[in-house]
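Thanks, everyone. I will go through some salt bridges and then the ligand site. Please have the structure open.

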Amino acid sequence: MTASSTALALPGQPHIAYQGSELMVEGVRLSDLARTHGTPLFVYSKAAMLSALAAYQRGFAGRQAQICYAMKANSSLAVLQVFANAGCGFDIVSAGELARVLAAGGDPAKVIFSGVGKTRAEMKQALKVGIGCFNVESEAELDVLSDVAASMGLKAPVSLRVNPNVDPKTHPYISTGLKGNKFGIAHEDALRAYRHAASLPGLKVVGIDCHIGSQITEMTPYLDAMDRVLDLVADIEAAGIAIHHIDFGGGLGINYNGDTPPEADALWAQLLAKLDARGYGQRQLMIEPGRSLVGNAGVCLTEVLYLKPGEQKNFCIVDAAMNDLPRPAMYQAFHQIVPVSAKTGDGVVYDIVGPVCESGDWIGRDRQLVVQAGDTLAVLSAGAYCMSMSSNYNTRGRAAEVLVDGTKTHLIRQRESAFDTFALEQLVD
Ligand code: LLP
């Protein structure tokens, strides 16, 4: 594989590209970072995150819109700090995520709290710091939230997550807006739920929310979901309940392997045209993008430990594993894998696998590489749902993380030691 053919294969990301044979993140060579910090190592481009955010900001120019970064995609503090400084709010799903927002200097008033299973303790903490809105996912949760807020002498701002029953045409594990999913309140029950919410003493209805899935690469599911949500807004307001904001969730896909999702601004041009046509163009809008803000902004560097030729398969055994990069094992997800220092040659087809003791521990299958032990590979499009989903399985410490800003590098998370992984455990007498 030559350097130039490798460059052509990279998912559309100007901030992560080859200069000659060296893969760079902004102005920094990845081979240098691997040498300095070791592997596995996640490396993020600040400029790539901000340019992904800018596409949304362009799309919303002249509108009232709040972008709430869905931090489950990557919740590292310095990543949150980048988005907080750029004016973003946050979509959270736990008190742990709320604590991270506060630690990163985020504004609690711009936080929305999603998820089907909020506990009373989590509700209390969120009310105490004054979050912007609870996205409530069931009628039972409405009662509990009202109870908790009333006991604190407060009214919780709520939006109901409605399930529009639209197929997002993505992996079944990451579709959320269909009838069979655990998420949201069924479209046909929504009006009743809103009437109930409006009657409860501890709640103040402020909005409506929907999120239909993740890694969505087509516009149609969004447009269909919007129609369904706006139909409901009309019905709810006709019942005398004002809907202050409309939240369209996240879900926009990225390019992993030649995927062609719309750009955020192009998607929103269409959605805003529909909102305008239906008379809702001047409403306060909210969105909860995760993957599309960080996914293509990160790579995971890993060292080739051994090449193991076989009768049926050749294996390239690397030092990153399913605990660092769980998406292939969980969703058969595809990440491009390229050398950080490209070499010429014909290459050999390998399965790229980690050291974890499971056959499911693979990172890429049937990849042609010119590679030898000691080389560093970059797993691309690893900024979203990799570090945040990583684990200590096999007592592997979690990877270190570096944020690149131009030619500056910041170590934003130290590598976990074995001791860190069992520091909270205790032997018995
Ligand atoms: N809002 C809600 C309520 C969500 O559940 C999610 C993602 C988002 C926003 C952000 O969606 P995004 O813009 O990132 O697509 N681990 C899976 C993805 C799980 C998505 C869960 N919910 C993966 O690696 O593909």
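Asp147 and Arg120 form a salt bridge, with 3.1 Å between the closest N and O atoms. This is a predicted model, so please take the distances as computed from it. The pair links distant parts of the chain: Asp147 belongs to helix α7, residues 139-151, and Arg120 to helix α6, residues 120-129. The two residues are 27 residues apart. Are they buried or exposed? Neither label fits, because Asp147 has 41% relative accessibility and counts as partly exposed, and Arg120, at 45%, also counts as partly exposed.

That is one pair; the search of the whole structure finds 20 salt bridges.

Next is Asp231 with Arg278. Their side chains meet in a salt bridge at 2.7 Å, N to O. Again distant parts of the chain are linked, here 47 residues apart. Asp231 sits in helix α9, residues 220-238, while Arg278 is in the loop between α10 (264-277) and β13 (284-287). Asp231 counts as partly exposed at 34% relative accessibility, and Arg278 counts as partly exposed at 31%. Both residues are also part of a salt-bridge network, in which they are linked with Asp227 and Lys274.

The third pair is Arg396 and Asp324, whose side chains form a salt bridge at 2.9 Å, N to O. What does this one tie together? Arg396 is in the loop between β19 (376-379) and β20 (400-405), and Asp324 is in the loop between β15 (315-318) and α12 (327-331), so the bridge joins parts 72 residues apart in sequence. Both Arg396 and Asp324 are buried.

Now the ligand. There are 19 residues around it, and those that come nearest are Ser214, Glu288, Arg327, Tyr331 and Tyr385. By class, the shell has six nonpolar, seven polar and six charged residues.

Which polar atoms lie by the ligand's oxygen atoms? A polar side-chain atom of Ser214 is 2.3 Å from one ligand oxygen atom. From the backbone, a polar atom of Gly251 lies 2.8 Å from an oxygen atom of the ligand, and a polar backbone atom of Arg291 is 2.8 Å from a ligand oxygen atom. On its own the ligand has 590 Å² of accessible area, and the protein covers 92% of that.

Last, where does the ligand lie with respect to the domains? It lies between domain 1 (3-45 + 295-421) and domain 2 (115-287), because both give residues to the shell around it.

That is what I have for today.

Technical notes
Residues numbered from 1 in each chain as written. Predicted model: local features only at pLDDT ≥ 70, side-chain atom pairs only at ≥ 80, totals over all residues. Heavy atoms only, no water. Near = heavy atom within 4 Å. Polar contact = N/O pair within 3.5 Å; in protein donor to acceptor, adjacent residues only side chain to side chain. Areas by Shrake-Rupley, 256 points an atom, 1.4 Å probe, with all protein chains shown as cover. Nonpolar A, V, L, I, M, F, W, Y, C, P; charged D, E, K, R; others polar. Domains from an automatic or database assignment. Salt bridge = Lys/Arg side-chain N within 4 Å of Asp/Glu carboxyl O. Helix = DSSP H or I, 4+ residues; strand = E, 2+ residues; numbered from the N terminus. Buried < 20%, exposed > 50% of the residue type's maximum accessible area, 1.4 Å probe, protein only.
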